Amino acid sequence: MNDVINVAIAGFGFSSRVFHTPFLQNDPCFRVKKVYERRTDNALEFLPNVEIVRDFNQLLTDEINLLIITTPNQTHYDMAKAALSAKKHVLVEKPLAVTRLQAEELGALAKQQGVLLTVYQNRRWDNAIVTAKQILAQHLLGEPVDCEIRYERYAKEKNAKAWKETGEKGTGLVYDLGVHLLDQAVYLFGKPTEIFADIRYQHEGAVSDDNFTIHLYYPSGLKVALYASKYVREKGRHFVLHGKSGSYVKEKFDPQEALLMQGVVPQGNWNAEPETDWGILHTEINGEVIRRPYANVPASYCDFYHNLYAALTKREAPAVTAEQAAVVLGLIEKVFESAQKGCKLEV
């Protein structure tokens, strides 16, 4: 493989336009050659020199090194399987598939074919998560006892993307935002041993879930609570972490998605927050109780693509693996089982 990665993208909706194309456009290590769109030519507005194809298989040609799949969740498994079978490196927008077994099968196929399979779990690079990771590594809070992460939105109507409201397996808020929240929890604390979930359908006529609470339990006594809703005008604190020595609280949500939607170019210090938006560290260090703003650890979604390039050209370990994606999908299956049975389950 040469130094420039030739990329093909399947689908060109919100995810491709906001979360992938800005990074690919501004990184000379990647060159987008083809985009698969069934009926539209939306990609030409952002990538005027790209080739639009109507057949997915036209992405699997010799000059393509990396295929990025951003189509609806239910299509991920079949498309990824076809691309891996053609010996293409593959990046799949979360979730990798709709079941744990599908994810495990794709991971095994990638190994068999000698290619890379990764998943776009970009929210590991949200500022609260990377900062909490550092705080935990430095033991600034003592033993963790409670953590809360909230993704709250207000949406008066059901999702405009019709495929997310069909009620099929792989749709709904758990498969949308829950995938991120569960990945963040496992990234910070590892796999839980027990799980309890409450899933609700709040919009009138909803057949896909649009509200959930998930509790994860750990042998140490730590509990992680994950919340998402579409009926919240006044949002709660985004990230809360309590330990036996102190707390870290981040009120505001990471700004990267909003900045990307505004067209901000992801270069330099593009996603820096003012000190007034940093989290608060309130703890005891060397016998002294301190309470002060704690600077965000410098990071952005750019880091995902930097890691991906290193994994493709220098054989560095990918930050997000198919095995990790399978763990999260296994937890999602337990989430729905717990909600259906109304009880705590062993993982």
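Which residues lie nearest the centre of the second largest pocket? In this predicted model, they are H89, G114, V115, L116 and A311, out of 22 residues that line the second largest pocket. Three elements each give two or more residues to this lining, namely α3 (100–113), α7 (302–313) and α8 (322–341). Helix α3 provides the largest share, with three residues. The space inside the second largest pocket comes to about 460 Å³. By residue character, its lining holds 11 nonpolar, five polar and six charged residues.

Enclosed spaces were examined as well. Across the whole structure, the search finds three cavities of 30 Å³ or more. The largest cavity has a volume of about 60 Å³. Its lining is made up of N159, K164, E165, G172, L173, D176, S208, D209, D210 and K230. In that lining, six residues are charged, three are polar and one is nonpolar.

Aromatic side chains come next. The model contains 19 aromatic pairs. In one of them, the ring centres of F14 and F19 are 5.9 Å apart and the planes meet at 80°; because edge-to-face pairs have planes over 60 degrees apart, this pair is edge-to-face. The two partners can also be described by their accessibility. F14, at 23% relative accessibility, is partly exposed, whereas F19 is buried at 9%. A further pair, Y120 with Y305, is tilted, with 6.3 Å from centre to centre and 45° between the planes. Y120 belongs to strand β6 (residues 117–120) and Y305 to helix α7, so this pair ties together parts that lie 185 residues apart in sequence. Y120 and Y305 are both buried. Both of these pairs belong to one aromatic cluster, formed by F14, F19, F23, F30, Y120, W125, W270, Y301, F304, Y305 and Y309.

Aromatic rings also meet charged groups. R150 lies over the face of Y227, 4.1 Å from the centre of the ring. Similarly placed is R233, whose charged end sits over the ring of Y154 at 3.8 Å from the ring centre.

Several loop residues deserve a closer look. N65 is located in the loop between β3 (51–53) and β4 (66–69). With a relative accessible area of 17%, N65 falls under the 20% cut-off and therefore counts as buried. A polar atom of the N65 side chain lies 2.8 Å from the backbone nitrogen of N6. Elsewhere, the loop between β5 (89–93) and α3 contains P95. The peptide bond leading from K94 to P95 is cis, and its omega is near -10°.

Where do residues other than glycine take a positive phi? One case is R315, with phi near 60°, which is found in the loop between α7 and α8. N286, also not a glycine, has a positive phi of about 55°. This residue sits in the loop between β13 (279–285) and β14 (288–294). N286 has a relative accessibility of 81% and so counts as exposed. R315 likewise counts as exposed, at 78% relative accessibility.

Note on methods:
Residues numbered from 1 in each chain as written. Predicted model: local features only at pLDDT ≥ 70, side-chain atom pairs only at ≥ 80, totals over all residues. Heavy atoms only, no water. 1 Å grid on protein atoms, 1.4 Å probe; cavity = no way out; pocket = protein on both sides within 12 Å on 5 of 7 lines; lining within 4 Å. Points joined across faces, edges and corners; volume = space filled by probe spheres on them. Helix = DSSP H or I, 4+ residues; strand = E, 2+ residues; numbered from the N terminus. Nonpolar A, V, L, I, M, F, W, Y, C, P; charged D, E, K, R; others polar. Phe/Tyr/Trp six-rings, centres within 6.5 Å; stacked < 30°, edge-to-face > 60°. Buried < 20%, exposed > 50% of the residue type's maximum accessible area, 1.4 Å probe, protein only. Lys NZ or Arg CZ within 6 Å of the ring centre and 35° of its normal. Polar contact = N/O pair within 3.5 Å; in protein donor to acceptor, adjacent residues only side chain to side chain.
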